Amino acid sequence: MNNVVEYLCITTEKFPDKIAFLDTGGGISFSDLNQNAKKIATVIIKKTGGITNIPIAVKMKKSKECIVAFMGIAYSGNYYCPIDISMPSSRVELIFETLKPAVVIEQRENQSSYNENSIIYDECMDKQYDDELINKQLNKVLSVDPLYVLFTSGSTGVPKGVVVSHASVIDYTEWLSHTFGFNENNVFGNQAPLYFDNSILDIYSSLKNGSQVYFIDEKLFSFPKQLMMTLKENGVNTIFWVPSALISISDSGILHENPELPQLEQVLFCGEVMPTKQLMKWRKRYTNTFFANLYGPTEITDVCSYYVVDRDYADDEILPIGKACKNTEILIINEKNKIANIDELGEIFVRGIGVAKGYYRNKDRTQSAFVQNPLHDDYIDICYKTGDIAKVNQEGNIIYVGRKDNQIKFQGHRIELGEIEAVTMCVNNVKRVCAIYVETRKKIVLFIVLNSESEIISEKEIYKSIKTKLPKYMLPSEIIIKDELPLNVNGKIDRVKLREVANEKYI
């Protein structure tokens, strides 16, 4: 298989009339998805003169129409880059400055004046598709060619474009189906934005297996009761969410109100550390549901390791990220550039077909992150150097500890800020936490959000609690309780903004 559109072709033959993707505006069948994608492809091919492997931006709201556009671009022999219309214009400008898209696909009501090469989605639907023209394009596509470019947050404030191939997505999709038994009966409740790599699981699992994806309105995640009702009404039985979304529901108390979701079969999560305290609330409520913790950065096609949660965990235990996916190897490399021993900290290196092709038009950053396997120099063997610190426990499971850039040297001690956060999350009524180190003043500042529904506790009480579990040199200089913590575009805590807040406080 060279191109992901082969999934769509095969599934369309099996389930032509089945609804594939559904949003608040209705659904689209596999057959209509396939035909509409071919219409998009035909317009692109004619507009670009049959050139392949060029970037095409999809600047649309999250919807089933986005999937049509993605598949149309794949049919045309090119690669897509999702740009949600809710993105700040300044971020869009930075992305376009790097991407330089040959074509921008937009909807009529949200049309911008980016350039003369814009294609209006709605107008493409009035066109006829040309199978002969499309097949000619597909014959040019190699499995190693790019499928998409996803832009992630960069530490310098400039987004990084991660380039991922057809082969990587196909390998990942095959692993998902084999490992979790995905089939035509799965109904995915999509939470991730389409410019976030977690969405890859929902999209391509559906295209391969004839499953259905329901795009959940982002606003519902602020209203847990309505959210749970929406899952029930739409028959959602599989969710793959960031932990923040699961935590929000468990902390709201809605799980105690006995929301009936007998169809909820699988709960997968990835993107952040999942506190065991909140996870156990889910497990206690849905005793027959399968839970799994997945791990992986965008640069390795979403996921490279997983852990099936098969027992209860105490609040102060850390959930493993498990073991490597099939056809993937995870190396924990210590400071001596050797494989770390059991329980020894090291950096996660990943090798395998899932490793991305690099950062778009950024050779320097690519060469610093996509490196030769440190264990040998016999032939080219590229690994992604994640910047994540981890260790392997006695059971052979990988334990994520924190980011390398969140590792500090303080009073002669090496400290993982993630460890401070993990301990603080075990304190009753703590909802969210972020530890920041102020280098200029040598201070550790702890930002905390409390559960509004629970009894309020003070900074002193929090300090007293974590003092029993952390050595003195790891205790924060200050604890700041806030109503909310700033989030980045992917819904994760924005550490850059919090670092600015902490630094300003001590100027």
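## Strand β13, its neighbours and the aromatic pairs

In this predicted model, Leu294 stands opposite Tyr306, a residue of strand β14. The two strands concerned, β13 and β14, run antiparallel and are joined by 4 bridges. On another side of the pairing pattern, strand β12 (residues 266-269) pairs with β13 in the parallel sense, again over 4 bridges, and here Gln266 has Phe290 of β13 as its bridge partner. Strand β13, which spans residues 290-295, has 5 of its 6 residues buried, so the strand is largely enclosed by the rest of the structure.

Helix α11 (residues 276-285) belongs with these strands, since β12, α11 and β13 make a right-handed β-α-β unit. Of the 10 residues of α11, 7 are buried, and the helix is therefore largely enclosed by the rest of the structure. The buried residues are Thr276, Lys277, Gln278, Leu279, Met280, Trp282 and Arg283. Their cover includes the strands β12 and β13 of the unit, together with α9 (224-233), α10 (243-252), α13 (417-425) and β24 (430-438).

The aromatic residues add a further layer to this picture. The count of aromatic pairs comes to 17. One of these pairs is formed by Phe180 and Tyr306, whose rings lie 6.1 Å apart, centre to centre, with 80 degrees between the planes, in an edge-to-face arrangement. Because Phe180 lies in helix α7 (residues 166-180) and Tyr306 in strand β14 (residues 305-308), the pair ties together parts that are 126 residues apart in sequence. Tyr307 and Tyr313 also form a pair, with ring centres 6.4 Å apart and planes at 80 degrees, so this pair too is edge-to-face.

How buried or exposed are the residues of these two pairs? Their relative accessible areas are set out below.

| Residue | Relative accessible area | Class |
|---|---|---|
| Phe180 | 7% | buried |
| Tyr306 | 26% | partly exposed |
| Tyr307 | 10% | buried |
| Tyr313 | 7% | buried |

With the limit for a buried residue set at under 20% relative accessible area, Tyr306 at 26% falls into the partly exposed class, whereas its ring partner Phe180, at 7%, counts as buried.

Phe180 and Tyr306 are also members of a cluster in which ring pairs link them with Tyr172, Trp175, Phe182, Phe188 and Phe290. Two of these members have already appeared in the strand pairing, for Phe290 is the β13 partner of Gln266 and Tyr306 is the β14 residue opposite Leu294.

Charged side chains also sit over aromatic rings. The charged end of Arg285 is placed over the ring of Tyr286, at 4.7 Å from the ring centre. Lys18 lies over the face of Phe15, where the distance to the ring centre is 5.5 Å.

A separate site concerns Asn78, which is found in the loop between α3 (64-75) and β4 (79-84). Although this residue occupies a loop, Asn78 is buried, with a relative accessible area of 1%. Its side chain makes a polar contact of 2.9 Å with the side chain of Ser76. Leaving aside residues up to four places away in sequence, Asn78 touches Ile44, Ile51, Thr52, Asn53, Ile54, Ile56, Ile73, Pro146 and Leu147.

Note on methods:
Residues are numbered from 1 along each chain as its sequence is written. This is a predicted model: local features need pLDDT of at least 70, side-chain atom pairs count only at pLDDT 80 or more; totals for chains, interfaces and linings use all residues. Side-chain values use heavy atoms; hydrogens and water are left out. Buried means under 20% relative accessible area, exposed over 50%, partly exposed in between (1.4 Å probe, protein chains only). A polar contact is a pair of N or O atoms within 3.5 Å; within protein, one must be able to donate a hydrogen and the other to accept it, and residues adjacent in sequence count only if both atoms are side-chain atoms. Contact means heavy atoms within 4.5 Å. Rings of Phe, Tyr and Trp (its six-membered ring) pair if their centres lie within 6.5 Å; planes under 30 degrees apart count as stacked, over 60 as edge-to-face and the rest as tilted. A charge sits over a ring if NZ of Lys or CZ of Arg is within 6 Å of the ring centre and within 35 degrees of the ring normal. Two strands pair if DSSP finds at least two bridges between them. A crossover is right-handed if, with the strands pointing away from the viewer, the path from the first strand over the helix to the second runs clockwise.
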